[in-house]
Amino acid sequence: MKHHHGDGTNYYFFEDPSVFYFPIHEYPCYAGTGRAYENGSGEGAGHTMNVPVPFGTGIEEYLDAFYVQCIRSIRGYNPEDSGPELWW
């Protein structure tokens, strides 16, 4: 389970449509970023999906967040339309 949100990565790709950024992280914690509504802007709108979870979230909830939210989100995402690669 990732504790820190990765605000630098989030910031770097926030307006980039070639990257789908999907962090599952504890919230609230440092740096206070990574809220669920922070999902990209400009051309990158919808290409960031922050999944904040409370401290102590177990592996089952973590996997549920990944499979339910991430897989549903990337279906139909075609990296060839917007960028070079989709990283899993």
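# Close-up views of a predicted model

Of the 88 residues in the protein, 34% are buried. The model shown in every view is predicted, and the legends that follow go from the whole chain to single residues and their neighbours.

**View 1. The whole chain, with three helices and two strands.**
Followed along the sequence, these elements come in the pattern α-β-β-α-α. Among the contacts in the protein that have a separation of 6 or more, 67% are accounted for by residues 24 or more positions apart, a figure to keep in mind when the later views bring together residues with distant numbers. The protein exposes about 5800 Å², and 55% of this area is supplied by carbon and sulfur atoms.

**View 2. The largest nonpolar core, made up of nine residues.**
The members of this core are Phe20, Phe22, Ile24, Val51, Val53, Ala65, Cys70, Ile71 and Ile74. Two elements, β2 and α2, each give two or more residues to the core, and the largest share, four residues, comes from α2. As a general background, nonpolar side chains in soluble globular proteins tend to be buried together.

**View 3. Ile24 and Val51, two members of the core.**
Ile24 lies in strand β1, and Ile24 is counted as buried because its relative accessible area is 4%, where buried means under 20%. Although Ile24 and Val51 are 27 residues apart along the chain, their C-alpha atoms are separated by 4.7 Å. Which strand lies at the other end of the loop that begins after β1 and holds Pro28? That loop runs between β1, residues 24–26, and β2, residues 51–53.

**View 4. The aromatic cluster of Phe20, Phe22, Phe66 and Tyr67.**
The structure holds four aromatic pairs, and two of them are described here. In one of these pairs, Phe22 and Phe66 meet edge-to-face, with 6.2 Å from centre to centre and 75 degrees between the planes. Phe22 lies in the loop between α1 (7–13) and β1, while Phe66 lies in helix α2, so this pair ties together parts that are 44 residues apart in sequence. Phe22 is buried, with a relative accessible area of 16%, whereas Phe66 is partly exposed, with a relative accessible area of 26%. Phe66 also pairs with Tyr67: the ring centres are 5.3 Å apart and the planes stand at 75 degrees, so this pair too is edge-to-face.

**View 5. A nonpolar patch on the surface, made by Ile59, Leu63 and Tyr67.**
The patch covers about 320 Å². Ile59 is placed in helix α2, which spans residues 59–74. Are Ile59 and Tyr67 buried or exposed? Ile59 has 58% relative accessibility and counts as exposed, and Tyr67, with a relative accessible area of 52%, is exposed as well. Tyr67 therefore has a place in two of these views, because the residue belongs to the aromatic cluster and also helps to make the surface patch, where a residue needs over 30% relative accessible area to be included.

**View 6. The salt bridge between Arg35 and Glu38.**
The count of salt bridges in this structure comes to one. In this salt bridge the closest N and O atoms of Arg35 and Glu38 are 3.0 Å apart, which means that they satisfy the limit of 4 Å used for such a pair. Are the two partners buried, partly exposed or exposed? Arg35 is partly exposed, with a relative accessible area of 28%, whereas Glu38 is buried, with a relative accessible area of 14%.

**View 7. Asn10 and the residues that Asn10 touches.**
Asn10 has its place in helix α1, and at 6% relative accessibility Asn10 counts as buried. Which residues does Asn10 touch, if those up to four places away in sequence are not counted? They are His5, Tyr21, Thr48 and Asn50.

**View 8. The cis peptide bond from Tyr27 to Pro28.**
The peptide bond that leads from Tyr27 to Pro28 is cis, and its omega is near 5 degrees. Pro28 belongs to the loop between β1 and β2, the two strands that also appear in View 3.

Definitions and conventions:
Residues numbered from 1 in each chain as written. Predicted model: local features only at pLDDT ≥ 70, side-chain atom pairs only at ≥ 80, totals over all residues. Heavy atoms only, no water. Patch = residues over 30% accessible without salt bridge, like charges linked within 9 Å, V, L, I, M, F, W, Y side chains within 5 Å. Areas by Shrake-Rupley, 256 points an atom, 1.4 Å probe, with all protein chains shown as cover. Salt bridge = Lys/Arg side-chain N within 4 Å of Asp/Glu carboxyl O. Buried < 20%, exposed > 50% of the residue type's maximum accessible area, 1.4 Å probe, protein only. Core = buried A, V, L, I, M, F, W, Y, C linked by side-chain atoms within 4.5 Å. Phe/Tyr/Trp six-rings, centres within 6.5 Å; stacked < 30°, edge-to-face > 60°. Contact = heavy atoms within 4.5 Å.
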